[in-house]
Amino acid sequence: MSVYEYDAVIIGGGASGLTASLYLSSHGYKTALISKGDPVCCLSTGCIDVLGGSDTPLDLPEGHPYTLVGRETLTEALSFFMEIMAHAGLPYVGEPGRNRRIITPIGTTKNTGLVPCTMAEADPAEAGHLHVVSFKGIKDFYPSYITSRIRNSAFSVFDAKVGTTLGIATRFEDNAFLDAFISWLHDLEIPHDRIAVPAVLGLEDPVSVMEKISSATGRQVFEIPTLPPSIPGMRLFRALKRSLQAKGGHLYWGREVSSFECQAGRIEAVTLSTTGRPSRVEGKVFILSTGSFVSGGLLASRDRVKETVFGLPVFVPGERKDWFNADFFAAGHAIEKAGIEVDDTFRPKFSKMNNLFACGSILARSEVLKYQCGHGLAISTGMAAAKMCEGMLS
Amino acid sequence: MIRTDVVIIGGGATGCGIARDLALRGVHHYLVEKGDFANGATGACHGLLHSGARYAVNDPEAARECISENAILRKIARKCVEVTGGLFVRLPGDSKKYRDTFLKSCEEAGISTDVLSASRALDLVPDLNPAIEEAVTVPDCSIDPFRLCMLNAFTSRHKGGGILIHHKVVDVIREKGRCAGVKVEDCSTSHIKEIRAKIIINASGAWGDTVARMGGSGVPMTLSKGSLIISNHRLTNMVINRLRPPSDGDIIVPNEAVCLAGTTSIPVDDPDAIEVAPHEVDIVATQAEQMIPRFGATRIIRAYTGVRPLLKAASSDSRSISRGYRIIDHKNGMYSVMGGKLSTYRLMAEKTVDAVVRELGIKAHCRTAEIPLEGQEELSGYPLSKRLKNIEGVVCECELVDRDHVERVVNSLGTQYIGDIQHRTRLGMGPCQGGFCTYRALGIMLETGRMSPEESIRTLRQFLQRRFRGIRPALWGDQLREEQLVESIYLGILGMGRAE
């Protein structure tokens, strides 16, 4: 068995685990991040929802994990995140205390906290005319939904010879394709003030693609986040991962924790399953950021919910018959409350593992959909848990 | 105003079967149905073509009808029936005495059986519980109820019959104490049509009493709810029954790529207000697991429930009520055909039409037992090879339905209903239950100009709510994961939360 030693070992490679790892790496700790694959973050809009359901996103709801983070650390975490993303060439805009509005693929409005700068001009309420560009054969984007809701708008369709968002985004990496697209746009002689495009403007450098289109047409250009697989979500994840590697964080990608060793109230190491030799990853502190049900941190059976790595006790809101409301559209199914209860140092309650911390959507009562707080919760609890680790490590 | 000889109310197997029978006897008719075909119990059953064995002990007459219709349907409805064969399995603790009675009753009803040792049964169905004592083969089959209705309606339409789906009967026209026709409302336009007829046939299943009352009469009925669950794997190629007296959760039926397991039997009052309770799912899943242990580890993609329209009996136990049928002549121009089951739909249609032609003074005998269903050859037609040809255009990844196919159905039906597309293409029938592809199908309908954007979003909301009703009782494991993802798409990314 190969043995590796770290200060901090983070399990779960989504937005919370990446933020925690980035924070600890930036502060000079030897960090390992273990993930069984690309995270659910890749399915997201790429926007940082802080409290999308509220007009005052810094008024943190009582009983929510945000109250453990506190307003100050939340604000600090968001600026830490913005710094990293600006450095990674994918700057975000917005301010923690005020929500922004963006257009959804069906022309409704979504409230969110920070947005990638390719969505900076995406406020549907903004005055002026809007032209939507769609792509032939794209499966999850039907522009008439948008034009029916937004006055003074129209759309046209470009044939990219490929119909998937990932396929189109890849084509935008190619300058010849971009030039052809721009010349097509130019010939349309769009009378509108803004141009909206589904979020496919390249995988790596959407900012320069957007700027090229904008300067060639003399119009403001913005992206509309699409359904999964979502390019802005993938860009966000890739940028965070790249930044972590640049800071010296070690990645164990495509690996699952198969067992762990616990002695005298401390986790000593986790073992990673591989097809070859298993690896033993030792750490002084461990952070659990495996997410909720969708990402597999929690697993429900007919009558109970288990935490899949350490078998931690899980808070479960009642019996299965009470987990979901009858109304699909009513926010806040009880099951969203399920998760790990932590104390104010982000350590799981009722657990004997004193050097284990938890962050992200696996936390009990996070109710990500109800509060629309996905990445905001991930980033802020990621940083808060990392700070607690720092306290223990120093 | 439309004039015809016979109006049939109800587009389930019985109604569609009656329409075909009338068509083959040359009687002009209209069929009206408030939903799509197979909207009631026909579409919410387990798709079993009974051998009759399940009824052999308690209801020998129903058993004999079943086995005789079983043989006929295998012949005339080949593209709807999959000849799977069935097993009755006896688990440790199940009465051996009942097994003896069962074998004797099957013999008396003319149902061929064969007793197999546990190891022979496991050869046939490897996922069976290895602890079974023995198994008995019976000629059970699986049947596609929706396709069956469509094919019966096809003949009717072909021979000049009128078929109006999504048309709801709002009133029965009465003149001089007789039923003289119906008023129907077009559910998409609210437009009222009047159809005048000499005879009205009430084949509206669980809604039978309501319809009979519009005609000034009534029918004594008991409604019993039966709930089922669908697994996302085909865990058996044979129908598996439990060899014990009829009870909850005693059957698993393979159907295309999935298995259906059922059922429960709970008396209900209102056929429009039924839901599956989570504990019913637990009962059925636990029982299915006893017969096929792997059922417990398999993802349950949906639960659903249908209402059995049973003949009223003194007994309060709905399982002991006869599954036989009755044709009631209300002596006012209306006939009600009540009770029965999917497997005997053709026989019920035959007997009903016999009575109707007698009253109309027409001499024509029934030919539905001899002539194979028309249009079957075309229906055989959407093989995987065809679906894979246009992989780029696939909009439903679970069932590999492509955009062209959806567009063809939309254009040929001119439909406003997403369910019509789902029934005809299998779009949305797989593990995601339309969570991803319905949005696309609606987008396509939007682009073909069949719907306005507002209607399209309204339909999407209705679909999501209906879908959730089916999924909610069975949410755990992978299905719960997927459900939360679907929620995050519609409520998160698309912003379709309550505020709308």
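Here are some questions and answers about a predicted model with chains A and B.

Q: How many residues of chain B are in contact with chain A?
A: Let's begin with the place where the two chains meet. Chain A brings 43 residues to the contact. On the other side, the number for chain B is 51.

Q: How much area do chain A and chain B bury between them?
A: Of the area buried between the two chains, 62% is on carbon and sulfur atoms. On chain A's part, R302(A), F328(A) and F329(A) supply 20% of what that chain buries against chain B, more than any other three residues. The area for chain A and chain B comes to about 4300 Å².

Q: Which residue of chain A meets D282(B) in a salt bridge?
A: There are four salt bridges between chain A and chain B. In the one asked about, N and O are 2.8 Å apart. The partner of D282(B) is R320(A).

Q: Which element gives the largest share of the side of chain A that touches chain B?
A: Across this interface, 19 residue pairs are in polar contact. In chain A, α3 (144-149) and β15 (298-300) each supply at least two residues of the side that touches chain B. The largest share is four residues, and it comes from α3(A).

Q: How many residues of the side of chain A that touches chain B are nonpolar?
A: Sorting that side by residue kind gives 13 polar and nine charged residues. The nonpolar ones number 21.

Q: Is T84(B) buried or exposed?
A: T84(B) is in the loop between β5 (81-82) and β6 (86-90) of chain B. Its relative accessible area is 11%, and the cut-off for buried is under 20%. So T84(B) counts as buried.

Q: The side chain of T84(B) reaches the backbone oxygen of which residue?
A: Setting aside neighbours within four places in sequence, T84(B) is in contact with several residues, including C141(B), R234(B), M238(B) and P254(B). D140(B) is also among those contacts. The side chain reaches a backbone oxygen at 3.5 Å, and that oxygen belongs to D140(B).

Q: Which residue is the bridge partner of E82(B)?
A: In chain B, β4-β9-β5 is the order of an open sheet of three strands with antiparallel pairing. β4 (48-49) and β5 stand at its edges with a single partner strand each, so one side of each has no neighbour in the sheet. β5(B) pairs with β9 (residues 141-143) over two bridges. In β9(B), the partner of E82(B) is S142(B).

Q: How many bridges join β11(B) to β12 of chain B?
A: Another open sheet of chain B has four strands in the order β1-β13-β12-β11, with mixed pairing. Since β1 (2-3) and β11 (167-175) are at the edges with a single partner strand each, one side of each is left without a neighbour in the sheet. β11(B) and β12 (residues 178-186) run antiparallel, and R178(B) in β12(B) is the bridge partner of E175(B). The number of bridges joining β11(B) and β12 is eight.

Q: Which residue forms a salt bridge with E134(B)?
A: The count over all chains is 51 salt bridges. In this one, the closest N and O atoms are 2.9 Å apart. The pair links strand β8 (residues 134-138) with strand β6 of chain B, 44 residues apart. Both residues are buried, and the partner of E134(B) is R90(B).

Q: Which residue forms a salt bridge with E397(B)?
A: The closest N and O atoms of the pair are 3.1 Å apart. E397(B) lies in the loop between β23 (394-396) and β24 (401-402), while the partner is in helix α13 (residues 437-447), so the bridge ties together parts 43 residues apart in sequence. E397(B) is partly exposed at 44% relative accessible area, whereas the partner is buried at 7%. That partner is R440(B).

Q: Which residue forms a salt bridge with R403(B)?
A: Here the closest N and O atoms are 2.8 Å apart. The pair links helix α11 (residues 403-413) to helix α13 of chain B, 44 residues apart. R403(B) is partly exposed at 22% relative accessibility, and the partner, also partly exposed with a relative accessible area of 42%, is E447(B).

Notes: Residues numbered from 1 in each chain as written. Chains lettered and ligands numbered in written order. Predicted model: local features only at pLDDT ≥ 70, side-chain atom pairs only at ≥ 80, totals over all residues. Heavy atoms only, no water. Buried < 20%, exposed > 50% of the residue type's maximum accessible area, 1.4 Å probe, protein only. Polar contact = N/O pair within 3.5 Å; in protein donor to acceptor, adjacent residues only side chain to side chain. Contact = heavy atoms within 4.5 Å. Buried area = accessible area lost by both parts, 1.4 Å probe. Salt bridge = Lys/Arg side-chain N within 4 Å of Asp/Glu carboxyl O. Nonpolar A, V, L, I, M, F, W, Y, C, P; charged D, E, K, R; others polar. Pairing = 2+ DSSP bridges.
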